[in-house]
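Me: I've got a structure here and a pile of labels attached to it. Could you walk me through why each label applies?

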Amino acid sequence: WCHSAASCRTRCPPGTSDDLCSSKAYNTTVDQSGLFRPAHDPFLDGANKVWVRYCSSDAHMGDAEAFGLQFRGARIVRAVFRDLVARHGLGRQQPPVGQSTLVIFGGQSAGARGAMLHLDYVQDFNETCKG
């Protein structure tokens, strides 16, 4: 995280594509391990796995502008889940065969902390989608 204009400019200089400040240089897929790649566990294997990469420098908690920079991590999380509903049917009453209604949501480092912060939102959002 950054905490002042100077620390934010050091962390995220103008035009940066550093992965702490931008998703511009991200690959479209990432290999994962742990809960995101369970070994021999059909319950977890069929779960909806959501790992939101960290690029907002606000632990996915912000929705504001400061020091001339945008901190919109909370919007990123909400947009990801809206997209999962619209394009992949997350939250359907009857999921496709082999897919459960379980959602595993996480991140890494500060992104994991942001994921913990949004667990109630994700639970409520998933329940709302089911009708």
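Reply: Here is a run through the labels, one at a time. Keep in mind that this is a predicted model.

Me: Okay, the overall build first. What are the elements of the protein chain, in order from the N terminus?

Reply: They run α-α-β-β-β-α-β-α-α, which comes to 5 helices and 4 strands. The C-alpha trace spans about 50 × 30 × 20 Å along its principal axes. Of the 131 residues, 35% are buried. And 61% of the contacts with a separation of 6 or more are between residues 24 or more positions apart.

Me: What makes C12 and C21 a disulfide?

Reply: The distance. Their sulfurs are 1.9 Å apart, and the cut-off is within 2.5 Å, so the pair counts as a disulfide. By that rule the count comes to 1 disulfide.

Me: Why is the disulfide of C12 and C21 called left-handed?

Reply: Because the torsion about its S-S bond is about -75°.

Me: Are C12 and C21 buried or exposed?

Reply: They get separate labels. C12 has 10% relative accessibility and buried means under 20%, so C12 counts as buried. C21 comes in at 22%, and partly exposed runs between the 20% and 50% limits, so C21 is partly exposed.

Me: Why is C55 not in a bond with the closest cysteine sulfur?

Reply: Because that sulfur, in C21, is 9.0 Å from the sulfur of C55, and the pair would have to be within 2.5 Å. That is too far for a bond. C55 itself is buried, since its relative accessible area of 13% is under 20%.

Me: Which residue shows what "exposed" looks like?

Reply: Try R87, found in helix α3. Its relative accessibility is 60% and the bar is over 50%, so R87 counts as exposed. For orientation, the C-alpha atoms of R87 and L44 are separated by 22 Å, with their positions 43 residues apart along the chain.

Me: What makes A59 and H60 stand out in their phi values?

Reply: Most residues other than glycine have a negative phi. A59 has a positive phi of about 55° and is not a glycine. H60 is not a glycine either, and its phi is positive at about 60°. A59 lies in the loop between β1 and β2, and so does H60.

Me: Are A59 and H60 buried or exposed?

Reply: Buried means under 20%. A59 is at 0% relative accessibility, so it counts as buried, and H60 is at 1%, so H60 counts as buried as well.

Me: Which residues make up the largest nonpolar core?

Reply: There are 10 of them: V50, V52, V77, F81, L84, L90, F105, A115, V122 and F125. To join, a residue has to be buried, of a nonpolar type on the list, and linked through side-chain atoms within 4.5 Å. Helices α3 and α5 (119–130) each supply at least two residues of this core, with α3 giving the most, 3 residues. Apart from it lies another core of 5 residues, among them F36, L44, W51 and I104.

Me: What does L90 touch?

Reply: Leaving out residues up to four places away in sequence, L90 touches N48, F81, L84, V85, V103, N126 and C129. Touching here means heavy atoms within 4.5 Å.

Me: What lines the largest pocket?

Reply: That pocket has a volume of about 650 Å³ and 20 lining residues, with T28, T29, W51, V52 and R53 nearest its centre. Strand β1 (48–51) and helix α3 (73–88) each supply at least two lining residues. The largest share, 6 residues, comes from α3. By class, the lining has 10 nonpolar, 6 polar and 4 charged residues.

Me: And which residues lie nearest the centre of the second largest pocket?

Reply: C12, C21, S22, L69 and Q70, out of 18 lining residues, so both disulfide partners, C12 and C21, are in that set. The pocket holds about 240 Å³ of space. Strand β3 (residues 69–71) gives the most to its lining, with 3 residues. The lining divides into 9 nonpolar, 7 polar and 2 charged.

Notes
Residues numbered from 1 in each chain as written. Predicted model: local features only at pLDDT ≥ 70, side-chain atom pairs only at ≥ 80, totals over all residues. Heavy atoms only, no water. 1 Å grid on protein atoms, 1.4 Å probe; cavity = no way out; pocket = protein on both sides within 12 Å on 5 of 7 lines; lining within 4 Å. Points joined across faces, edges and corners; volume = space filled by probe spheres on them. Nonpolar A, V, L, I, M, F, W, Y, C, P; charged D, E, K, R; others polar. Buried < 20%, exposed > 50% of the residue type's maximum accessible area, 1.4 Å probe, protein only.
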